[in-house]
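Open the structure in your viewer and keep the selection tool at hand. Each stop below says what to pick next.

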Amino acid sequence: MNIEQAGRPVALVTGSTSGIGEAVARRLAADGARVVVHSRSSTAAGEALAAELGGVYVRADLGVEEEARGLVEAALGHCGRLDVLVNNAGISRPIPHADLAAATPAEWRELLEVNLIAPWVLCTAALPALRHSPGGGSIVNVTSHAGVRPKGSSVPYAASKAALNHVTRLLAAALGPEVRVNAVAPGLVDTPMTKDWAEAHELWRDRAPMHRPARPADVADLVASVIANGYLTGEVIVLDGGLNLT
């Protein structure tokens with residue numbers, strides 16, 4: 001780490017080689033942060049993005065506790081500090097809500113492991129460094145509209161995001177003022193993962209006041225604003241183009 005890099009805030013963004021995570025990584029880099037790019041499998045894309053942004057790339061399977069903790073250790077090893085943690089990585093398994101048999105305990109365990117327990121592990125591992133951030137540490141959990149309303153790709157998915165929303169509030173109460181904790185809860189976001197979700201796209205076009213899904217940059221702009229506001233903590237901000245109004 002050189003002297004110039006030492007003065008830059010460091011942001012770890014999980015699941016940051018595509019979609020929302022990539023947009024967040026690009027926005028935070030544009031705002032002056034040194035970004036730690038992460039993915040579970042897309043190593044080439046991660047290395048390319050990190051090189052482009054002047055950051056570093058670390059591969060880790062967040063469903064494995066040792067690898068999740070190792071991700072934070074690697075970020076600190078490369079950068080010497082950690083100021084921002086964006087828990088963006090998550091998984092989804094489309095299961096009709098009425099098909100209870102399909103939502104097996106194995107499905108529940110996998111979704112909770114990645115969507116809820118992994119962010120908790122990362123928060124606990126990052127906390128000592130975040131507490132020493134000169135401007136105060138910031139955690140942003142990317143949750144979901146499905147954690148606020150009875151919607152989503154499956155009951156286990158929605159429950160995992162609702163739990164992460166509540167964990168956000170609990171951590172904000174416990175960790176202030178040294179570390180602020182907030183959540184951004186997007187509705188439908190136009191990414192490669194959602195391109196075939198025709199029914200959801202139709203819903204947002206027809207019923208949301210903005211008449212479109214979010215773009216990844218919309219989410220990234222909000223995440224950046226949450227990080228920049230040194231007084232905001234304990235909030236779960238829904239970003240759904242107004243669909244919640246209908």
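Which elements do the buried residues of α6 pack against? Keep in mind that this is a predicted model. Now select α6, residues 155-175. Its buried residues pack against α5, β5 (137-142), β6 and β7 (236-239).

**Stop 1: along α6**

Stay on this helix. Its buried residues include P156, Y157, L164, V167, L171 and L175. Polar names appear on that list too, among them S160, K161, N165 and T168. Go to the start of α6 and show S154. One of its side-chain oxygens comes to within 3.0 Å of the backbone nitrogen of Y157. Then check the length. The 21 residues of α6 should span 30 Å at 1.5 Å a residue, and the end C-alpha atoms are 30 Å apart, which agrees.

**Stop 2: helix α4**

Select residues 65-79, which form α4. For its 15 residues the expected span is 21 Å, at 1.5 Å each; the end C-alpha atoms lie 22 Å apart, in agreement. Colour A68, L71, V72, A75 and C79: these are buried. Look down the axis of α4. The buried residues fall within an arc of 85°, so they line one face of the helix.

What covers them? The cover includes β1 (10-13), β2 (34-39), β3 (56-59) and α5 (105-131). Turn to the face pointing away from the buried side. There you meet the exposed residues E66, E73 and G77. Step just past α4 to G80, where phi is positive, about 80°.

**Stop 3: the largest nonpolar core**

Nonpolar side chains tend to be buried together in soluble globular proteins. Here the largest nonpolar core has 32 residues. Select V36, L62 and L82, which have the most contacts inside it. Two or more residues each come from β1, β3, α4, α5, α6 and β6 (179-186). The top contributor is α5, with nine residues.

Zoom in on L82. Beyond its neighbours within four places in sequence, its contacts include V10, L12, V72, L76, A126 and L130. Another core, of 29 residues, lies apart from this one; A29, L53, V142 and V189 are among its members.

**Stop 4: A11**

Finish in strand β1 with A11. Is A11 buried or exposed? Its relative accessibility is 1%, so A11 counts as buried. Leaving out residues up to four places away in sequence, A11 touches L28, A33, R34, V35, V36, L82 and V84. Last, pick A29. A11 and A29 are 18 residues apart in sequence, and their C-alpha atoms are 8.7 Å apart in space.

Definitions and conventions
Residues are numbered from 1 along each chain as its sequence is written. This is a predicted model: local features need pLDDT of at least 70, side-chain atom pairs count only at pLDDT 80 or more; totals for chains, interfaces and linings use all residues. Side-chain values use heavy atoms; hydrogens and water are left out. Helices (H or I, at least four residues) and strands (E, at least two) are DSSP runs, numbered from the N terminus. The expected span of a helix is 1.5 Å times one less than its number of residues. Buried means under 20% relative accessible area, exposed over 50%, partly exposed in between (1.4 Å probe, protein chains only). The arc is that of the directions from the helix axis to the C-beta atoms. Contact means heavy atoms within 4.5 Å. A nonpolar core is a set of buried Ala, Val, Leu, Ile, Met, Phe, Trp, Tyr and Cys residues joined through side-chain atoms within 4.5 Å. A polar contact is a pair of N or O atoms within 3.5 Å; within protein, one must be able to donate a hydrogen and the other to accept it, and residues adjacent in sequence count only if both atoms are side-chain atoms.
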